[in-house]
Amino acid sequence: MDERRPGRLRSSQWYGGDDRNAYIHRAWMRRGLPPSAFSGRPQIAIATTASDLTPCNAHLNEVAASVRNGVYEAGGIPLDLPVVSLGETQVRPTAMLWRNMAAMATEEMLRANPIDGVVLLGGCDKTIPALLMAAASVDLPAVVIPGGPMLTGTFRGTPLGCGTDVWRLSEEVRAGTLSAADFTRSESSMIRSRGHCNTMGTASTMALVAEALGTVIPGLAGTPAPDSRLLEGAHDTGRLVVEMIGADRRPRSVLTKGSFRNAIVTLAAIGGSTNAVVHLLAIAGRLGVELTLDDFDRIGSGVPVLVDLLPAGRYLMDDLHRAGGLLAVLREVEDLLDPEALTVTGRPLVDYLGKASRWDSEVIRSRAEPLMGDGGIAVLRGNLAPAGAVVKPAAASPQLLRHRGRAVVFDSIEDFHARIDDPDLDVHADSVLVLRGCGPKGYPGMPEVSNMPLPKKLLEQGVRDMVRICDGRMSGTAYGTVVLHVAPEAAAGGPLALVRTGDVIVLDVPGRRVDVDVPAEELARRTPSQTTIAGFANPERGWERLYVDHVLQADTGVDLDFLVGSSGSRVSRESH
C-alpha cells in the first residue's frame, strides 16, 4: 500500500478496515476518544525530550500541552511520544555519545507507530540535532519547536551568561581573584528560570539554525522559555503540522541545499557554536544533501558577525529576542541567503524578512557596523589535520590567530587534569596546549573539553588565552583560541597522535593552516606511544562498543556509518 497516495493517511494502515488487526489498533487506543478519532483525522506525535534530568528541557511538557490544543483545534489527534533526552550538563562521559542513539531511537519510533506527522520538542544541545536527524531519515511531515533560552540572571549587579561565565568565574577562582564561596553563591543567580543556556551556546545556536533551515515557524526560535509567546507559537505549530500533512510537506521538501546555505550564513551572522558544524553535517548526511566541511568556510567565512552576544560579545538571548530576533539579523544579510529555500509554512524564509526590524542596534548590529567583519567558522588543514579542523575567530584572541609555539602534549583528559597546575610544568604563555584522545572513537563521544583551562601559574601572571588544539569539541558557550574537531582524531590514526612535547606548532588562521613543524619523513617514522594508546577508549560491550566500531569522523558529522541516509516511513508487516 502506498502511504503517499493523495488523500490517504499513513495511520489508516493501522486503523482502517474491520479485521482483527484494525480492531486491536483502535480498541487499545480508544480510551475515551470518539470513533471519529480513527476515521480520517491525522495522528500527530508530539516527540518531547522533557525530562527532569535534562533541566533545560524540563518545561517542555507545558509546551506540549499547547501543541495538543493546536493539533486538536485543527482536526488532528495529538499523541505524546517521549523520546530519549540528553542533558548536556548531566550525562557522562558526554551527551554527544548518545546523540546518534537518540536519533536512531526516535527514527524507529516514528516509523513504527501509526502517525502521520510529528512535532519535535527540543532545547538542550543534542536534542534538536537528534530530532532533526530522525525526522530527516523518516521523512514524515515534521516541525520543530525550540524550548527557548532562560532569562538573564545577575550576580553582584552584573548579568551572567550561563556557561560562558562558568568558565570565566572558575578561572578567576584558580587565579585567586574570586573566592570559592562567591563562586558557589553565583550558582543560583546564573540559572534564573526554566530554559536552556542564554548565551550563544550550542542550544541557542541550534534553535536559530533550525529556523534558518526552515524547520521552525519563522520568528519563533529564540523566544525565551518563560515567555507566553512560546506557548502561543506552540499552539500555532500544532495547527500547522495538520496543514503540512494535507499539503504533504515533508522534510525533504524543506531541507535542501539552499536551506543548508541559509543555516551556514546564519551560523556566521549570529557568532554561533562550532558544534553546529558536526550537527549540520550529520543532518545533511541523513538526507543525501551534499555538504562538506569546506562549505562552512566557503559560504560563511566572509559573513559578518552581527549579534553582540556572549561568548563573542556582551549581551544575552533575551536581549536578542527584544532587539528583533533572528529575522532582524537575517534581513541584514538577505542578499547572502537562498531566496527559494522553503520553510515548514510552505513559503520561502526570505518572505518573512521584509517586516523585520532591529529595535536595538547595539545587540543586532547593522551590516555596515558589524561586531566582526569575517566571523564565520574557519576550516583549517595541514599536516596536523589532513581532513580538517575548525576554529571560531569570533571567540579567539586576534593576536593568536597567527602563532608559533612549543607544544605541551597531554594524552588524555585525566593526564591533563593531573598535570596542568603542576608548578613545575614546562609551559609558557606562548606554548600550545595539545590534548588528544578526545575524538569520537577515543573518548568515546567527542566531549566538550577542547577549551582546556589554562595553567594556574599562567593565570596568576594575568594570562587569559593560549592556543589550544584538540580532537574533541568545546561548549558553544566557551571562548578562546581553540583549534578543535581535528580530523582524523588521534584514536583513528590521525597525526595528532604523533605530536611530542617540544614540537613546534604553527597556526595560521588567515592562511587556513595548522601544522606541526616536523619533517614529513620524521613524522612517518613516529608511532603513537603506549601512553597515548592507553588513553583511547576500548569498551567491551553495549552502545559504547557499537559506537566506537561504527562512528565517523568530525569532518563528516560524527554519525554512525550505518545510519547515514534514510529508510523512509514505510512499515511493511503487521504486528499480529
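**Helix packing and internal cavities**

The crossing of helices H3 and H9 is right-handed in this structure, which is a predicted model. Helix H3 covers residues 60-73 and helix H9 covers residues 228-247, and their axes come within 7 Å of each other while crossing at roughly 40°. Besides this helix pair, the briefing covers the enclosed spaces, of which there are two cavities of 30 Å³ or more.

**The contact of H3 with H9**

- With the axes crossing at roughly 40°, an angle that is neither under 35 degrees nor in the range from 65 to 115, H3 and H9 are therefore oblique to each other.
- On the H3 side, the contact is made by Glu62, Val63, Ser66, Val67, Asn69, Gly70, Val71 and Glu73.
- On the H9 side, the residues that make the contact are Leu230, Leu231, Ala234, His235, Gly238, Arg239, Val241 and Val242.
- Sorted by class, the residues of this contact comprise eight nonpolar, five polar and three charged.

**The largest cavity**

- The largest cavity holds about 80 Å³ of space, and among the 14 residues that line this cavity, those closest to its centre are Leu132, Ala142, Thr215, Pro251 and Leu255.
- Three elements, namely helix H5 (127-138), strand E4 (142-146) and helix H10 (251-254), each give two or more residues to the lining of the largest cavity.
- Helix H5 gives the most to the lining of the largest cavity, contributing three residues.
- The lining of the largest cavity divides by class into 11 nonpolar residues, one polar residue and two charged residues.

**The second largest cavity**

- The second largest cavity has a volume of about 30 Å³, and the residues that line this cavity are Thr49, Val84, Leu86, Ala102, Thr106, Lys126, Thr127, Ala130 and Leu131.
- Helix H4 (96-112) and helix H5 are the elements that give two or more residues to the lining of the second largest cavity.
- Helix H5 gives the most to the lining of the second largest cavity, with three residues, just as H5 gives the most to the lining of the largest cavity.
- By class, the lining of the second largest cavity has five nonpolar, three polar and one charged residues.

Definitions and conventions:
Residues are numbered from 1 along each chain as its sequence is written. This is a predicted model: local features need pLDDT of at least 70, side-chain atom pairs count only at pLDDT 80 or more; totals for chains, interfaces and linings use all residues. Side-chain values use heavy atoms; hydrogens and water are left out. Axes are lines fitted to C-alpha atoms, for helices over the stretch in contact, and angles run from 0 to 180 degrees between N-to-C directions. Helices (H or I, at least four residues) and strands (E, at least two) are DSSP runs, numbered from the N terminus. Angles under 35 degrees count as roughly parallel, over 145 as roughly antiparallel, 65 to 115 as roughly perpendicular and the rest as oblique. A crossing is left-handed if the near helix is turned anticlockwise from the far one by less than a right angle, and right-handed if clockwise. Contact means heavy atoms within 4.5 Å. Ala, Val, Leu, Ile, Met, Phe, Trp, Tyr, Cys and Pro count as nonpolar, Asp, Glu, Lys and Arg as charged, and the others, Gly among them, as polar. On a 1 Å grid over the protein atoms alone, a cavity is a set of points where a 1.4 Å probe fits but cannot get out, and a pocket is an open set with protein on both sides within 12 Å along at least five of seven lines; lining residues have an atom within 4 Å of a point. Grid points are joined across faces, edges and corners, and a volume is the space filled by probe spheres set on the points.
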